[in-house]
Amino acid sequence: MPFIFMNAVGMQRDVETLLHEAGHAFHSLAAREEDIYHYQHAPIEFCEVASMSMELLGGEFLEVFYADDDAARARRTHLEGVVGTLTWIATIDAFQHWLYTHPGHTREERRSAWLEIANRFGGETDWSEHEEVRSFLWHRQLHIFLYPFYYIEYGIAQLGALQVWLNSKRDKVKALADYKRALALGGSRPLPELFATAGCPFDFSSRTVRPLMEMIEQELESLERQAAT
Ligand SMILES: [Zn+2]
C-alpha cells in the first residue's frame with residue numbers, strides 16, 4: 001500500500017505536493033499486481049510522468065480547495081513554475097556537461113562558463129547588483145554535488161506529463177485510459193514503450209516541445225483574460 005508523507009503548512013505548494021504524490025501512489029497501486037517484484041517499479045523518468053501528470057490533470061479541479069480567483073492564481077503559479085523549471089534543468093544539464101568535459105578548469109573559467117550557459121537559457125532576468133550571487137547560483141542544485149547527470153530526468157518526465165495533459169484536452173477519456181495502462185506496466189517495458197503507452201512519443205525535439213509550450217502560453221493567456229474580467 002502506498003502512503004503519502006508530506007508536510008502541509010497552508011500553502012499552494014501543499015496542494016501541488018498532494019497531487020504529485022497521489023500520482024506516485026496511483027502508480028504503485030496500478031503496478032502492484034505485477035508478478036516480478038523488480039518490474040513493479042518504473043524508471044524515474046516515467047515515475048515522474050505519473051506524478052507530474054496528476055499535478056496538471058488535477059490542477060483543473062483546484063476549485064475544490066480555492067475560491068475562483070485563488071484557483072486561477074494557483075494555476076498560473078504552477079504553469080510558470082513548469083516553464084521556469086525546464087529552463088533551469090537545461091541550464092544545470094549543460095553546465096554538468098561542461099564541467100566533466102573540462103577537467104582541470106579554473107574557478108574563473110567555471111564562473112564564466114556558468115554565466116554563459118545561464119544567459120543561453122534565461123538571460124532575461126535583471127541581476128544587476130547581484131551578479132556575484134548569480135555567478136554561484138549553481139550551488140543551489142544538490143544533484144551537481146551528489147548525483148552527477150541525474151537531473152535531466154525531471155525534464156524528460158515533465159515533457160511526458162505535459163503531453164498527457166495535452167492529450168487529455170483532446171480526449172480526456174482516452175488520455176486517462178492510456179495513462180492508467182502505462183502506469184500498470186510498472187517497469188516491465190523499456191522507457192520509450194512506457195511513454196508510447198501513455199500516448200506520448202518519446203521525442204524531445206521542437207516537434208514535441210513547441211505544441212506543449214504553445215498550450216501553456218494559451219493557458220496563461222486565458223487565465224489572464226479571466227483575471228481581467
Ligand atoms: Zn515525484
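Which residues does Ala50 touch, not counting residues up to four places away in sequence? I looked this up first, and found Gly23, His27, Tyr179 and Leu183. I took a touch or contact to mean heavy atoms within 4.5 Å.

**Ground rules**

I am working with a predicted model, in which local features need pLDDT of at least 70, side-chain atom pairs count only at pLDDT 80 or more, and totals for chains, interfaces and linings use all residues. I number residues from 1 along each chain as its sequence is written, and side-chain values use heavy atoms, with hydrogens and water left out.

**Entry: Ala50**

I placed Ala50 in helix α2, residues 44–58. Helices here are DSSP runs (H or I, at least four residues), as strands are (E, at least two), and they are numbered from the N terminus. Ala50 has 0% relative accessibility and counts as buried. I noted the cut-offs: buried is under 20% relative accessible area, exposed is over 50%, and partly exposed is in between, with a 1.4 Å probe and protein chains only. Between Ala50 and Gly23 the C-alpha atoms are 5.2 Å apart, although 27 residues separate the two along the chain.

**Entry: His27**

I then turned to His27, one of the residues that Ala50 touches. His27 sits in helix α1. Its relative accessible area is 4%, so I wrote it down as buried. With neighbours within four places in sequence left aside, His27 is in contact with Ala42, Phe46, Cys47, Ala50 and Leu183. Leu183 is thus on the list for His27 and on the list for Ala50.

**Entry: the zinc ion**

Which atoms coordinate the zinc ion? I found NE2 of His20, NE2 of His24 and, listed twice, OE of Glu48, at 2.1 to 2.7 Å. Donors are N, O and S atoms within 2.8 Å of the metal (3.2 Å for Na, K and Ca), and water is not among the atoms, so sites may look incomplete. Along the sequence, the donor residues follow the spacing H-x3-H-x23-E.

His20 and His24 both belong to helix α1 (residues 12–31), where they are four residues apart, about one turn of the helix. Is His20 buried or exposed? I have it as buried, because its relative accessible area is 13%. His24 has 22% and is partly exposed.

Why is the arrangement around the zinc ion irregular? The four donor atoms subtend angles of 52 to 144°, which makes it so. To count as tetrahedral, four donors need all angles between 85 and 135 degrees; square planar for four and octahedral for six need opposite donors over 155 degrees apart and all others between 65 and 115; anything else is irregular.

**Entry: α3 with α7**

I looked at how helix α3 (residues 68–101) passes helix α7 (residues 152–170): their axes come within 9 Å and cross at roughly 145°. An axis is a line fitted to C-alpha atoms, for helices over the stretch in contact, and the angle runs from 0 to 180 degrees between N-to-C directions. On the α3 side I listed Leu79, Val82, Leu86, Ile89 and Asp93. They meet α7 residues including Tyr154, Leu159 and Trp165. The contact divides into nine nonpolar, two polar and one charged residue. In this scheme Ala, Val, Leu, Ile, Met, Phe, Trp, Tyr, Cys and Pro are nonpolar, Asp, Glu, Lys and Arg are charged, and the others, Gly among them, are polar.

**Entry: α7 with α8**

The axes of α7 and helix α8 (residues 172–184) come within 6 Å and cross at roughly 145°. Val164, Asn167, Ser168 and Arg170 in α7 meet Lys172, Ala175 and Tyr179 in α8. I noted three nonpolar, two polar and two charged residues in this contact.

Leu166 is also in α7, and at 15% relative accessibility it is buried. Residues up to four places away in sequence aside, Leu166 touches Pro211, Leu212 and Met215.

**Entry: positive phi**

Most residues other than glycine have a negative phi. I found Glu129 with a positive phi of about 75°, although it is not a glycine. Glu129 is in the loop between α4 (107–122) and α5 (131–135), and at 76% relative accessibility it is exposed. Phe149, also not a glycine, has a positive phi near 70°. Its place is the loop between α6 (142–146) and α7, and at 33% it is partly exposed.
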